[in-house]
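Reader: Please take one part of this model and describe closely what surrounds it. I should also like to see how that part relates to the interior of the fold.

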Amino acid sequence: MINDTIADMLTRIRNANLAKHQIVQVPATKMTRNILKVLKEEGFIYQFEEIGEYLKSYLIISLKYKGKHKKPVITELKRISKPGLRVYANHKDLPKVLGGIGVAIISTSQGVMTDRHARHNGLGGEVLCYIW
């Protein structure tokens, strides 16, 4: 049983990036699915699809690399809000990752979105992770 599915997903993606794997498999939850939608919209991954049966479903993620040396598009993944210490921010205090180069993924009342979208919509929420 995994307590922190988001940290588990980020670690699996980080390890697959370091090993230069093309695909990675993570357990499917609503939250991981929503985070992957944001990563796809922001261009950090190619695509993801859900496979599996009723209780055990998995998400297969296609990672993105650039250049002939297969340099990963995702440089760093950092979990911010953890089960032991939740981190919240209102729309005025939303973090800018590396001066706007990176993306902070925020869980708001209107769904999971980037810090840019949350700031634009005037929404605050739980700061899930940083990606750059």
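Author: Two residues are in contact, or touch, when heavy atoms lie within 4.5 Å. The model is predicted, so local features need pLDDT of at least 70 and side-chain atom pairs pLDDT 80 or more, while totals for chains, interfaces and linings use all residues. Residues are numbered from 1 along each chain as its sequence is written, and side-chain values use heavy atoms, without hydrogens and water.

The part chosen here is Ser-62, which lies in strand β3, residues 57-63 (strands are DSSP runs of E, at least two residues, and helices runs of H or I, at least four, numbered from the N terminus). Ser-62 is buried because its relative accessible area is 16% (buried is under 20%, exposed over 50%, partly exposed in between, with a 1.4 Å probe and protein chains only). Leaving aside residues up to four places away in sequence, Ser-62 touches Gln-22, Ile-23, Ile-45, Tyr-46 and Gln-47.

The interior can be described through nonpolar cores, sets of buried Ala, Val, Leu, Ile, Met, Phe, Trp, Tyr and Cys residues joined through side-chain atoms within 4.5 Å. In the largest core, of 27 residues, Ile-13 and Ile-105 have the most contacts. Strand β3 is among the elements giving two or more residues to this core, alongside α1 (5-18), β1 (23-27), α2 (30-41), β8 (103-108) and β10 (125-131). Helix α1 supplies the largest share, five residues. With the same sequence neighbours set aside, the contacts of Ile-105 include Ile-35, Val-38, Leu-39, Val-127 and Ile-131. A second, separate core has eleven residues, among them Leu-94, Ala-118, Leu-123 and Tyr-130.
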